[in-house]
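Okay, thanks for letting me have a few minutes. I'd like to walk you through a protein chain and a couple of its residues, so let's put it up on the screen.

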Amino acid sequence: TTEELEERVREIKGKLGKKLFIPGHHYQKDEVIQFADATGDSLKLAQLSAENKDAEHVVFCGVHFMAEIADILTTKEQKVYLPDMRAGCSMADMADIFQTERAWNKLTELFGDTILPLTYVNSTAEIKSFVGKHGGATVTSSNAEKMVRWAFEKKERLLFLPDQHLGRNTAYNIGIGLDEMAVWNPISNELEFSGLIEEVKVILWKGHCSVHENFTVENIRQVRETYPDMKIIVHPECRREVVALSDMAGSTNYIIDAIYGSPSGSSWAVGTEMNLVNRIIQEHPDKQIISLNPHMCPCLTMNRIDLPHLVWCLEAIELGSSHNRIEVDGHIADNAKKALNRMLELS
Ligand code: 13P
Ligand code: SF4
């Protein structure tokens with residue numbers, strides 16, 4: 001039963017004490033997040049992983065790329081686990097290293113040594129390693145503007161992997177025109193751009209989040225019509241048109257802070273993952289909060305981490321098994337760590 005599973009988690013947590021650390025991303029299910037020792041967005045969880053030197057076992061309740069980051073930033077003695085290995089991220093899978101090397105060859109032929117690569121943390125360790133090797137850095141949705149400005153201090157143009165929407169929204173916010181942004185299509189291995197090639201400042205990898213792309217201009221129109229006083233707040237993984245028509249846009253933590261800091265009686269339509277939106281709704285009975293898209297689903301891969309998988313993973317640790325370990329190869333981890341540290345130093 002659920003009660004028995006919950007009791008097992010409590011028992012093992014009690015037994016392992018400080019040797020066990022469970023970070024949980026805001027998009028995780030309630031049945032899992034209730035056992036997290038720390039919750040946060042991807043930046044906060046990366047920072048916590050870098051700081052925590054006590055835990056021998058880090059059971060990451062999030063998706064694969066987050067567990068890889070934790071493994072890269074913790075010591076060799078610390079072990080990182082993902083309770084369900086199928087908990088990937090469709091966006092991270094949209095840029096593989098073969099496609100990226102192939103793109104880089106073409107882009108450096110076109111632009112010479114004038115490009116710096118940046119990657120959203122929602123990418124594989126191999127992509128982070130590629131970016132680290134070429135002098136670039138990772139970004140999260142909470143520091144993307146700062147990192148894009150940093151990149152422009154170093155080079156004239158940048159390649160932004162793998163989320164075109166976060167890349168476009170961020171570049172737009174710091175004053176880059178939409179007509180100065182090209183899209184790199186990794187399938188056709190071609191640049192999608194109709195203007196003068198030398199005017200390109202940002203090359204956006206053609207990837208997206210399958211959850212945040214579901215918020216549409218039509219959703220915004222309906223909310224404005226039904227609730228004219230409602231504030232619309234969205235994550236920058238949403239399309240440019242959606243962000244442009246919203247009142248506010250920012251990372252998971254930005255959304256949480258804005259709604260938590262708003263006075264009683266405020267009303268919000270939120271464009272982000274459903275587990276988080278439902279939690280915000282439950283915690284604010286004094287506010288009117290809805291999802292921007294009434295037919296929205298949670299992130300299916302985040303949802304793969306459930307209570308039975310958490311228990312299974314913890315029981316394996318108790319038995320000394322290395323089931324579900326996430327171990328990034330040393331040569332990949334070294335360069336990936338450079339890219340992550342360039343971000344963490346500035347955050
Ligand atoms: P943040 O946690 O940085 O807001 O990212 C959202 C996300 O999609 C994580 O997968
Ligand atoms: Fe990936 Fe989007 Fe799910 Fe985040 S919400 S893990 S970006 S698919």
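Let's jump straight to Ser-42. It counts as buried, because there are 25 C-beta neighbours inside 10 Å, and the cut-off for that label is 20 or more. Keep in mind that what you're looking at is a predicted model.

So where does Ser-42 sit? Ser-42 is in helix α3, which covers residues 42-51. And what does Ser-42 touch, once we leave aside neighbours within four places in sequence? It's in contact with His-25, Met-66, Val-121 and Thr-140.

Why pick that serine? Well, UniProt lists Ser-42 under "binding site", though that's from an unreviewed entry. The same UniProt list includes His-25 and Val-121, and both of those turned up among the contacts of Ser-42.

Thr-252 is on the UniProt list too. You'll find Thr-252 in helix α11, residues 252-260. Buried or exposed? Thr-252 is buried, since 23 other C-beta atoms lie within 10 Å. Not counting residues up to four places away in sequence, Thr-252 touches His-26, Asp-41, His-235, Thr-272 and Leu-276. One of those, His-235, is also in the UniProt entry for "binding site".

Now let's zoom out. The protein chain has 14 helices and 15 strands, and buried residues make up 47% of its 347 residues. For that many residues, a compact globule would have a radius of gyration near 20 Å, and the chain has 20 Å, so the two agree. As for contacts between residues at least 6 apart in sequence, 67% join residues at least 24 apart.

Notes: Residues numbered from 1 in each chain as written. Chains lettered and ligands numbered in written order. Predicted model: local features only at pLDDT ≥ 70, side-chain atom pairs only at ≥ 80, totals over all residues. Helix = DSSP H or I, 4+ residues; strand = E, 2+ residues; numbered from the N terminus. Rg over C-alpha atoms; globule rule 2.2 N^0.38 Å. Buried ≥ 20, exposed ≤ 12 C-beta atoms within 10 Å, placed from the backbone. Contact = placed C-beta atoms within 7 Å. UniProt positions renumbered as here; feature names shortened; annotations may be inferred.
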